[in-house]
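Here's a quick briefing on a structure you may want to have open while reading. Take a look, then go through the notes below.

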Amino acid sequence: MLAFERRWLLRIFDAVYPRQTPGAPTSGAADVPLEGLITDLGSHAPFDFMLGLRAATWVVTLFGPLLVGRLRRFGSLPVSERGEVLEGLAHSRLYLLREIPMLLKMVASLGYVGMPDVQRELGLSVVDSQPPSWARGER
Amino acid sequence: MSGFVHGLSDVAGQAAVRDSADVVIIGSGAAGATAARVLTAAGLDVVVLEEGNPTPRDGFRQDAYSAFKGLWRDLGFTAARGRVLMPILQGRAVGGTTVINGAIMHRLPEKVHAAWEHDGAIDDLLSYAGLERTFDQLDRELSVGPAPDAVFGQNNALMHAGVTGIGAKGNRILRNVQDCEGSARCGQGCPNARKQSMHLTYIPQAVAAGARVYAACRVSKVETRGGKAVAVLGEFRDPTGSARGPSIRVEAKRAVLLAASAIQTPVLLQKSGVRGGLVGRRFQAHPGTSVMGVFEDEVNMFFGATQGYETTHFWDERMKFESVSVPAEIAATRLPGFGAPLQARLANVGHVAQWGVQVRAEAHGRVRPGLGGGSSVSYDLTPKDVARYRVGVRRLIEMMFAAGAKEVWPGVHGLPTTMTSPDQARALDALDDDPRRYHFIAAHLFGTAAMHRDPRAGVVRPDGRCHAVDGLYVIDSSLFPTNLGVNPQHTICAIAWKIAERIADGGTRGRERDAA
Ligand SMILES: Cc1cc2nc3c(=O)[nH]c(=O)nc-3n(C[C@H](O)[C@H](O)[C@H](O)COP(=O)(O)OP(=O)(O)OC[C@H]3O[C@@H](n4cnc5c(N)ncnc54)[C@H](O)[C@@H]3O)c2cc1C
Ligand code: SF4
């Protein structure tokens, strides 16, 4: 993935799991080193999966707001409205468009919700004492 | 004499590995490990070749991504292509998919057996009485039993309430576990070594009896000479990285057994020159989809038997319902919404229950070799199949409300995201049968090298021997003539056991019958 695609993807993750939601974990995806997850996926995920992830990132960033009727760029929307764009896509009449936010949410969840600190915040019992290898800068 | 499990580091530096055995088995999952156990016990010399890495006894990392990377094939990211993209979930490790499965043990339904018999697909080797004896032995050896109260967990208990609430009958699932601690993490590899997966049971038993297991060893083809399987060729490579090792050739004195699963076995057959006919065709599955419900009291699906309750009440309608706990990351993916609404639901995930329906789908797909040595699966549900999901999801919604859910999240496109009354389930009746409304996964896979007496109707004979190549056997669920409608590992183990027994006794009875 190219550097700008990673930035776009991290912005989407931030929209999936924003910080400081009242009554929810105070952390958000931006508090987790998800660049490491993207790098790790690049090394281990099947080629067509990565292709799909990149395509999804492009579609949401360039056309997401337009597709749900907003004349703004994804990056220029406030975080709360970015979530609404993803929600709008998830209810699209087109199957492939609906799948895009689901794919992005799955990757965001594997990273963010997989962190022991986040699980502790959620009150879940945590087995792993350390974060996953991608969050420790290992491959 | 004891054998070994060798991984990449054990063979690093060697130019090539050469070995020979009476029987070479490709794949160390439910089928391969069971055959290794039976054949070594009968005194045969056995080599097992496994693409996945050696599996530790316990202490697996428990975040879903690490589990997917270490134990699942392609991180669980491969999908069958059709009108919907359907993830195909498989394990890739010593022990195969049994390392990550839900530990459910179900016997082959008698009605399915009767249909196989009626169609001429099986013979006396797989008589029901004989299979029953093998099921009994497997139950003893793999500690099969229901989850006790102490580790049953609320996700399972609520499903019991839901099933009885809609007037159906259900039961605690029979599982191959010993002193389960109810950590609800079967999919990540049991952290407590309680699940009696093949890497803890039949693989160590076979190794103790002399079997040599080469892990991180990907088989590329079976070598044939004069219409007979004579050797297996492959290469060592780390499935989770880029490291490569030597090539390997293992000579097979008596037989080569394909136990690489219903996806990889037909690919290996095709790469080994067994093409045409039904090879790779008639792929079948039990695709599953789930419904979530929110309860006033805590559910904590992260404690209890991962899958502890089921109903086969609607089996004749080709449906089976099960409780299903998943790691928090996967639960989060399934929660509705994005952004603040998702975060709020995640904070309440401890109050969420999840149950699923699997359909014994009538659809047939196809498996072909894919790019880079992989596989390509095409598969489309039939309209009748999709209609069954409509009914199945409706039942799940009704069960959730019957168990006291205050909100239900059906996860079906075209329905309200949140339902607050069972009457809303009627909305399903108005939906068309478009598979793209649902999210499916497929974990039970069958039929891609079916058995039949007649070579025009099957790829292998009823004792697993390939019609086209002597000494080559298929022993995994590729040879099942149809899907089962129940979880397959028990039946896979039992059939692999029977075929291995026949090989151990020299296959004489099979040959006599063929001659006759
Ligand atoms: C998440 C999940 C949960 C499940 N839960 C249950 C359950 O609770 N109960 C149940 O009955 N069933 C369950 N199943 C299904 C069940 O585990 C499988 O049907 C069963 O393990 C299949 O057995 P098998 O021997 O055919 O293949 P596998 O167990 O998949 O073993 C095949 C092995 O062959 C190896 N292999 C493949 N290609 C090659 C090659 N070219 N070279 C070398 N090795 C190769 C693979 O790496 C793999 O380890 C579940 C499946 C999944 C994915
Ligand atoms: S529920 Fe937990 S302890 Fe029991 S077998 Fe599964 S992972 Fe192991």
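Chain A and chain B bury about 3600 Å² between them, and carbon and sulfur atoms give 63% of that. Keep in mind that this is a predicted model. Chain B also splits into two domains, and ligand 1 sits between them.

**Where the chains meet**
- On the chain A side, 49 residues are in contact with 42 residues of chain B.
- A:Y95, A:K105 and A:L110 lose the most area to chain B, and together they make up 18% of what the chain A side buries.

**The two domains of chain B**
- Domain 1 is pieced together from 1–55 + 106–123 + 199–280 + 448–488 + 500–507, while domain 2 takes in 73–88 + 145–191 + 282–447.
- Going by C-alpha atoms, the centres of domain 1 and domain 2 of chain B are 31 Å apart.
- Contacts between the two domains involve 30 residues of domain 1 of chain B and 31 residues of domain 2 of chain B.
- About 2500 Å² is buried between these domains, with 51% of it on carbon and sulfur atoms.
- On the domain 1 side, B:I263, B:N483 and B:G485 supply 25% of the area buried against domain 2, more than any other three residues.

**Around ligand 1**
- Why does ligand 1 lie between the two domains of chain B? Domain 1 and domain 2 both give residues to the shell around ligand 1, so the ligand ends up between them.
- That shell counts 38 residues, and the closest are B:A31, B:E50, B:T97, B:I104 and B:Q489.
- Sorted by class, the shell has 18 nonpolar, 14 polar and six charged residues.

**Polar contacts and cover**
- B:E50 puts a polar side-chain atom 2.7 Å from an oxygen atom of ligand 1.
- For B:I104, a backbone N or O atom lies 2.8 Å from a nitrogen atom of the ligand.
- A polar backbone atom of B:A30 is 3.2 Å from an oxygen atom of ligand 1.
- Ligand 1 has 1000 Å² of accessible area on its own, and the protein covers 95% of that.
- In chain B, helix 2 (30–41), strand 10 (217–225), helix 8 (261–271) and helix 12 (489–504) are the elements that give two or more residues to the shell.

Conventions:
Residues numbered from 1 in each chain as written. Chains lettered and ligands numbered in written order. Predicted model: local features only at pLDDT ≥ 70, side-chain atom pairs only at ≥ 80, totals over all residues. Heavy atoms only, no water. Near = heavy atom within 4 Å. Polar contact = N/O pair within 3.5 Å; in protein donor to acceptor, adjacent residues only side chain to side chain. Areas by Shrake-Rupley, 256 points an atom, 1.4 Å probe, with all protein chains shown as cover. Helix = DSSP H or I, 4+ residues; strand = E, 2+ residues; numbered from the N terminus. Nonpolar A, V, L, I, M, F, W, Y, C, P; charged D, E, K, R; others polar. Domains from an automatic or database assignment. Contact = heavy atoms within 4.5 Å. Buried area = accessible area lost by both parts, 1.4 Å probe.
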